[in-house]
Every structure is written in structure tokens, then in C-alpha cells.
Amino acid sequence: MTTQKVAVLGTGKIGEALLSGMLRGGWSPSRLLVTARRPERAAELRERYRVESVSNAEAAKTADTLILTPKPQDMPALLDELAPHVPADRLVISGAAGITTRYLEQRLAEGTPVIRVMTNTPALVDEAMSVISPGSHATEEHLKLTDEIFGGVGKTLRLPESQQDAATALSGSGPAYFFFLVEAMTDAGIQLGLPRDKAHELIVQAAVGAATMLRDGGEHPVTLRENVTSPGGTTINAIRELENHRVRAAFIDAIEAARDRSRELGS
């Protein structure tokens, strides 16, 4: 960490979350570079974090590790720009959904170590889940450095790359499913006569409490759900309606659709 120079390329919300997490974790601003498509965005990052903003080509030439955070459809153009300037000893970390390490290796110098990472938006509050998969030239040292970088904004998990599309569908897209559920429950609360702000507060605290029990309690979600579901009570009536509307099946179908889209983006 003391000698590495890391560049975050295409610094959007996730890239900025990584940058701020590294700074909180003890990285010196002098060891960090950023790139951004808009000059005003680069200036904003420079002012906020006291880091140097450079061009993509300059980042490729000077940084030891490159973290690529563009949208998947923008990755080919970024690689075209980077490829002439990236020596084979650079570590390249990709955070683009669906883009395989093999694709990146084919576009970069022979032997370039590549690692694929899918993180999610809770990186903004240091509660991310980042799934890490090495390419064919990445070593354990490369993986440890990647763990260190992404561990600054949450938890990390190593998985084979063959499971990355499934992880993207579950974890990368996962926060959106919960936000969708909270939105629907808030609408239900309003329909039942509660003010929006009160309904929101009730639901968010229920979600935080439930998530904490899942994370820290060690009990299976079925057991936790059954503990709330009294015979003939209110909860079992609600669960019956959810099952009648095939909500469980709809979630499975939705997550499979997200997995399929991740595969499409990679092709």
C-alpha cells in the first residue's frame, strides 16, 4: 500500500466511493490518480480529495494498478485508448458488469494480470459486497491488493469467474430489489392512511432490523420469518397473498433475467 500508485478510471459514483474508502483506509492522496470524462468532474474530484486528475493514457503509463469503472458499453473504447500505454506488469481491475477477464486480456498486452470485480452501490456507505474473480495471469498478491482496495468500502468475496454473472444478478443489482420493495411497501402504508414520511420510517427501520438479524443472528431466514408468523395472525395473511401473486417465483425470474443480461453485456 505504501508504494503502489492506483488510478481510478471513469470516476463515477462507484469509483468515487472506492477513492474515498481508500483514503479513509490510509492511502495517501499522492498515491491516487483519477480520470473523468468531463473536466468539471475532474476538478471536483481534485478539490474534494486532493488527488491528481490525469488523462486515461497518463494513468496507464504511471499507475501500478488501474481500476476501470466505465459502463460496459463504454469499455471497448476505453481499452482502445489504454492498450498502447499499458505495460504487461500493470494490474488491471475491471468493475464493468459482464465484461470477462478473457476479453480484457485479449485487448491488453500479453500476460497482463486482470481481475474482475462486481461491487454494488452500498459502497457509498461502506457496506458494499464486492465479488472478486482473477484472470489467468493474476497472482495471490494481486488478489490481496484487490481485497485491500475493495475491503475499504465493505466486504469482499472471492468466486470463480463462472459465477460472476449470478453474483451480479444477486448482489450487484440486489440493492435495487430492496429499494423497489421499500417503495411498494411505502405506497401500501399511504394507502392504509399513514403519512409518507411515517410509512418510510417504519419500513426502513424494519429493513435495518431484519438485515441485522440475518447478518448477526446466524438463523435461517425461514426460521426468522416463521418467528413472526403466528397461526391465524396478520403476517400469515400477508404471506398467503404474496404466494397467491407468485412473488417468490417473480423474484427468481427477475434475478435470472438480470443474470442473462449480464451475459449479454459480456458478449
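**Entry 1: α1 and α2**

I began with helix α1 (residues 13-24) and helix α2 (residues 39-49), which pack with their axes 12 Å apart and at an angle of about 20°. The model I am reading is a predicted one. Angles under 35 degrees count as roughly parallel, and α1 and α2 are therefore roughly parallel to each other. I noted the crossing of α1 past α2 as right-handed. Looking up which residues meet, I found E16, L19, S20 and L23 on the α1 side, and R41, L45, R48 and Y49 on the α2 side. Sorted by class, this contact of α1 with α2 has 4 nonpolar, 1 polar and 3 charged residues.

**Entry 2: α8 and its surroundings**

Next I turned to helix α8 (residues 174-191), whose 18 residues reach 26 Å from the first C-alpha to the last, close to the 26 Å expected at 1.5 Å a residue. Which residues of α8 are buried? I listed G174, P175, Y177, V182, T186 and G189 as buried in this helix. I then asked what covers the buried residues of α8, and the cover includes α7 (164-172), α9 (196-217) and α12 (247-266). After α8 comes G193, and I recorded its phi as positive, near 105°.

**Entry 3: α7 against α12**

Since α7 and α12 are both included in what covers the buried residues of α8, I looked up how they are placed relative to each other. Their axes come within 8 Å and cross at roughly 130°, and that angle makes α7 oblique to α12. I entered the passage of α7 by α12 as a right-handed crossing. The contact is made by D165, A166, T168, A169 and L170 from α7, together with I255, A258, R259, S262 and R263 from α12. By class, I have 5 nonpolar, 2 polar and 3 charged residues in the contact of α7 with α12.

**Entry 4: positive phi outside glycine**

Last, I checked backbone angles, bearing in mind that most residues other than glycine have a negative phi. D126 is a residue other than glycine with a positive phi, near 60°, and I located D126 in the loop between β6 (114-118) and β7 (128-134). Is D126 buried or exposed? I found D126 to be partly exposed, with a relative accessible area of 30%. R246, also a residue other than glycine, has a positive phi near 55°, and I placed R246 in the loop between α11 (234-244) and α12.

Conventions:
Residues numbered from 1 in each chain as written. Predicted model: local features only at pLDDT ≥ 70, side-chain atom pairs only at ≥ 80, totals over all residues. Heavy atoms only, no water. Axes fitted to C-alpha atoms, helices over the stretch in contact; angles between N-to-C directions. Helix = DSSP H or I, 4+ residues; strand = E, 2+ residues; numbered from the N terminus. Parallel < 35°, antiparallel > 145°, perpendicular 65-115°, else oblique. Left-handed = near helix turned anticlockwise from the far one by under 90°. Contact = heavy atoms within 4.5 Å. Nonpolar A, V, L, I, M, F, W, Y, C, P; charged D, E, K, R; others polar. Expected span 1.5 Å × (residues − 1). Buried < 20%, exposed > 50% of the residue type's maximum accessible area, 1.4 Å probe, protein only.
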